Amino acid sequence: MTTQRRVVIALGGNAMTGPDGSATPAAQRAAIATAAGHVAGVVATGAEVVVTHGNGPQVGNLLVKNELSAHEVPPVPLDWNVAQTQGTIGFTVVDELEAALAVRGLDQRATALVTRTLVDVDDPGFTEPTKPVGRFLPREQAQRFIDLGQNWEDRGEKGWRRVVASPEPRSVLDAPAVRALAGAGFVVVCAGGGGIPVVDDGRDGGALRGVEAVIDKDLTAALMAAELGADTLVIATDVAHVMVDFGTPDARPLGRTTPAELRAHAAAGQFARGSMGPKVEAALRFVDSGPGRRSVITSLENIAAAVADDAVGTVITT
């Protein structure tokens, strides 16, 4: 089965953990198995599929391990944490996805690629880190990590929490490898957690250097979809549609819409910065990146139908 369509699917955190947010290995595998079944449904439409994923709970767990073991071993930097979670989640998605494809009688293979994302060393996020990561700690425990050069903020009654930069993604450096693997027939799992953040600052003989940062996963998915020349970006979340006037009696879902309409809603403050806002921004960036491109924001169970049907989910086209 061949096709010219290329679809990038961005799986949200709800696809990586249990219904109650549990991040035990068993809960993660069960959630990933469910997500893999829906991704296999997209592959079954004949599309060439690339999958990205979140990693927030998994990185959070690694940061706790850093904290608890700091008196024994040096803490692992955040870029290493992202790389480790890409590997763990990636191989699990591949295992479950290949099983789901086999159930459908499809012979495609899947593969996972540890993926780097280039960010600007002068991004303002590095001078004013604001992205909270990990758990809250008492002041005296947080001091141990402040002394190691980390940034922590007093968050009131809950305690202190680490904050890191969240720079803009500039390029997915391994997109050519993703393109080659997808072209060879693989379903590629990549760019987990927004990619491993790296900078080119001219140090170390020109070698790239990992940095302490967290890149928005949906913005990276949009950038990579554009770099791969994808036709459709599907952002899977836990709701069937983007909502306007959410939480009020006037709440209503958005179906097919235009970038201008969606931007007007965003300018009116309709989408929360920490939840739907980045997804809307990512969807808009991809549609703006080239003619004929289409973004969909919808629930995980709808992603296969959303690839072909403009009546499913919130669809953004020009």
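**Exercise 1.** In this predicted model, state which strands helix 3 lies across, and at what angle to strand 10 it runs.

*Solution.* Step 1: find helix 3, which covers residues 78–103. Step 2: look at the strands beside it; helix 3 lies across strand 10 and strand 11. Step 3: give the direction; helix 3 runs at about 140° to strand 10.

**Exercise 2.** Write down the strand order of the open sheet of 4 strands, and explain which strands stand at the edges.

*Solution.* Step 1: the order is 8-4-10-11, and the pairing is mixed. Step 2: strand 8 and strand 11 (209–210) each have a single partner strand, so they stand at the edges, and one side of each has no neighbour in the sheet. Step 3: check the pairing of strand 4. Strand 4 and strand 10 (residues 196–199) run parallel and are joined by 3 bridges, with Pro197 as the bridge partner of Thr117. Strand 4 and strand 8 (residues 169–172) run antiparallel, also with 3 bridges, and here Leu118 stands opposite Ser171.

**Exercise 3.** Sort the side chains of strand 4 (residues 116–119) by face, and say which are buried.

*Solution.* Step 1: recall that side chains in a regular strand alternate between the two faces of the sheet. Step 2: apply this to strand 4. Thr117 and Val119 point to one face, and Arg116 and Leu118 to the other. Step 3: compare burial; Thr117 and Val119 are buried, whereas Arg116 and Leu118 are not.

**Exercise 4.** Describe how helix 6 (residues 217–228) packs with helix 8 (residues 276–288).

*Solution.* Step 1: two packed helices are described by the angle and the distance between their axes. Step 2: the axes of helix 6 and helix 8 come within 8 Å and cross at roughly 10°. Step 3: angles under 35 degrees count as roughly parallel, so helix 6 is roughly parallel to helix 8. Step 4: list the residues that meet. Helix 6 brings Lys217, Asp218, Leu219, Ala222, Ala225 and Ala226, and helix 8 brings Pro278, Lys279, Glu281, Ala282, Arg285 and Phe286. Step 5: sorted by class, this contact has 7 nonpolar, no polar and 5 charged residues.

**Exercise 5.** Find the members of the largest nonpolar core that touch the most other members, and the element that gives the most residues to this core.

*Solution.* Step 1: the core has 33 residues, and Val8, Val50, Met224, Leu233, Phe271 and Val280 touch the most other members. Step 2: among the elements that give two or more residues are strand 1 (6–11), helix 5 (175–183) and strand 12 (232–237). Step 3: helix 8 gives the most, with 7 residues. Step 4: take Phe271 as an example. Beyond its neighbours within four places in sequence, its contacts include Val242, Leu254, His265, Met276 and Val280. Step 5: note a second, separate core of 30 residues, which includes Ala15, Val42, Val49 and Val189.

**Exercise 6.** Decide whether Phe126 and Gln58 are buried, partly exposed or exposed.

*Solution.* Step 1: buried means under 20% relative accessible area, and exposed means over 50%. Step 2: Phe126 lies in the loop between strand 4 and strand 5 (131–137). Its relative accessible area is 26%, so Phe126 is partly exposed. Step 3: Gln58 is in helix 2 (residues 56–69). Its relative accessible area is 7%, so Gln58 is buried. Step 4: apart from residues within four places in sequence, Gln58 is in contact with Met16, Thr17, Gln28, Thr85 and Ile89.

Conventions
Residues are numbered from 1 along each chain as its sequence is written. This is a predicted model: local features need pLDDT of at least 70, side-chain atom pairs count only at pLDDT 80 or more; totals for chains, interfaces and linings use all residues. Side-chain values use heavy atoms; hydrogens and water are left out. Axes are lines fitted to C-alpha atoms, for helices over the stretch in contact, and angles run from 0 to 180 degrees between N-to-C directions. Angles under 35 degrees count as roughly parallel, over 145 as roughly antiparallel, 65 to 115 as roughly perpendicular and the rest as oblique. Contact means heavy atoms within 4.5 Å. Ala, Val, Leu, Ile, Met, Phe, Trp, Tyr, Cys and Pro count as nonpolar, Asp, Glu, Lys and Arg as charged, and the others, Gly among them, as polar. Buried means under 20% relative accessible area, exposed over 50%, partly exposed in between (1.4 Å probe, protein chains only). Two strands pair if DSSP finds at least two bridges between them. A nonpolar core is a set of buried Ala, Val, Leu, Ile, Met, Phe, Trp, Tyr and Cys residues joined through side-chain atoms within 4.5 Å.
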